Amino acid sequence: MKRILLGVSIALIATACATTISPTGRTQHVGAVSQAQLDQMGAQAFADAKSKQKLSTDTRKNAYVRCVVSSITQQLPPNWQANWDVAVFVDESPNAFALPGGKVGVNTGIFTVAKNQDQLAAVIAHEIGHVVSRHHDERITRQMGAQTGLNIVGSLLGARYGEGAASATGQLGGAALQTAFLLPGSRTQESEADVVGQRLMAQAGYDPRQAVNLWQNMIAASSSRPPQWLSTHPDPQSRIQELNARAGALIPVYEQARAAGRTPKCG
């Protein structure tokens with residue numbers, strides 16, 4: 001009976017979903033929830049994060065991050081541009097995130113690896129790339145297909161680190177599902193966000209080569225790495241090679257942006 005109910009639930013979810021094409025031309029299955037619901041969940045997750053974590057009162061850091069976010073979001077399609085909310089959290093871990101509904105969170109620890117505005121732009125553009133590529137929608141749709149009753153709001157914040165996938169697979173008790181179904185999708189999303197984010201930063205007038213320097217700093221600051229096939233993120237060295245290969249092709253985009261007057265002076 002449980003198998004029958006699960007099959008019916010998955011079938012109902014599947015019929016509510018849509019097939020779309022991502023910014024890189026990849027086929028996506030999305031639509032288990034509406035955009036309005038995604039935005040609402042993003043807002044709730046962001047509010048929860050701000051209520052549970054210490055917010056930075058450093059005026060300069062807050063202005064710096066808001067400046068970078070603003071310069072990047074101005075390059076988005078009109079329907080993605082409005083009302084991006086920014087928070088800087090006092091947290092030593094070098095992380096950042098973006099959520100549906102126009103929310104960006106940055107930990108103060110990111111400044112230890114993002115040494116200049118171009119490197120910070122690489123981080124933020126990557127995270128915004130997840131949002132505009134509908135990765136949260138895709139992850140929720142996939143997780144709802146894998147297991148009914150998943151905590152969706154938790155998966156929004158977990159999309160950065162893979163806690164959402166860990167939660168789903170932990171409840172299912174299936175390591176095979178984790179490695180063969182959920183995590184490969186996460187690696188695909190991370191690679192896609194790299195592609196979208198690197199182009200976005202170049203369009204905003206930031207040097208796309210600095211994305212390579214950022215990840216070199218990340219590696220230097222990291223004490224250990226899990227094996228690539230068990231990671232929700234691409235292997236760092238592979239990531240650097242791909243970022244470096246794309247940077248050359250994006251230099252004309254960057255130079256055109258600078259010639260058009262897009263010369264950010266955030267910090």
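Good morning. I begin with Arg 209, which is partly exposed, with a relative accessible area of 41%. The model under discussion is a predicted one. Arg 209 takes part in a salt bridge with Asp 207, and the closest N and O atoms of the two are 2.9 Å apart. Its partner sits otherwise with respect to the surface: Asp 207 has a relative accessibility of 11% and therefore counts as buried, the limit being under 20%.

How many salt bridges does the structure hold? There are seven salt bridges. Some of them share partners, and in this way Arg 26, Glu 138 and Glu 192 are joined into one network.

Let me turn to another of these contacts. The side chains of Arg 134 and Asp 137 meet in a salt bridge, at 2.9 Å from N to O. Arg 134 is partly exposed, its relative accessible area being 29%. Asp 137, at 2% relative accessibility, counts as buried.

The salt bridge between Arg 239 and Glu 190 deserves a few words as well. Here the closest N and O atoms are 3.0 Å apart. Which parts of the chain does this pair tie together? Arg 239 lies in helix 11, residues 236–259, whereas Glu 190 lies in helix 9, residues 175–203, so the contact ties together parts that are 49 residues apart in sequence. Both Arg 239 and Glu 190 are buried.

I now move to the aromatic rings. A pair of such rings is described by the distance of the centres and the angle of the planes. The structure holds three aromatic pairs. One of them is formed by Phe 46 and Phe 97; this pair is edge-to-face, with 6.2 Å from centre to centre and 70° between the planes. Because Phe 46 lies in helix 2, residues 35–52, and Phe 97 in strand 4, residues 96–99, the pair ties together parts that are 51 residues apart in sequence. Are these two rings buried or exposed? Phe 46 counts as buried at 1% relative accessibility, and Phe 97 counts as buried at 2%.

Tyr 64 and Phe 111 form an aromatic pair of the stacked kind, with centres 5.9 Å apart and an angle of 25° between the planes. Tyr 64 belongs to helix 3, residues 59–73, while Phe 111 is found in the loop between strand 5 (103–107) and helix 5 (117–132), so this pair ties together parts that are 47 residues apart in sequence. Tyr 64 and Phe 111 are both buried.

Phe 46 appears once more, since ring pairs link Phe 46, Phe 89 and Phe 97 into a cluster.

That brings me to helix 2, the home of Phe 46. Helix 2 has 18 residues, and from its first C-alpha to its last it reaches 26 Å, close to the 26 Å expected at 1.5 Å a residue. Which residues of helix 2 are buried? They are Leu 38, Met 41, Gly 42, Ala 45, Phe 46 and Ala 49. These residues cover an arc of only 135° around the axis, which means that they stand on the same side of helix 2. The face turned away from that buried side carries the exposed residues Ala 36, Gln 40 and Ser 51.

To close, I return to Phe 46: this residue is one of those buried in helix 2, and its ring pairs edge-to-face with that of Phe 97. Thank you for your attention.

Methods: Residues are numbered from 1 along each chain as its sequence is written. This is a predicted model: local features need pLDDT of at least 70, side-chain atom pairs count only at pLDDT 80 or more; totals for chains, interfaces and linings use all residues. Side-chain values use heavy atoms; hydrogens and water are left out. Rings of Phe, Tyr and Trp (its six-membered ring) pair if their centres lie within 6.5 Å; planes under 30 degrees apart count as stacked, over 60 as edge-to-face and the rest as tilted. Helices (H or I, at least four residues) and strands (E, at least two) are DSSP runs, numbered from the N terminus. Buried means under 20% relative accessible area, exposed over 50%, partly exposed in between (1.4 Å probe, protein chains only). A salt bridge is a side-chain nitrogen of Lys or Arg within 4 Å of a carboxyl oxygen of Asp or Glu. The expected span of a helix is 1.5 Å times one less than its number of residues. The arc is that of the directions from the helix axis to the C-beta atoms.
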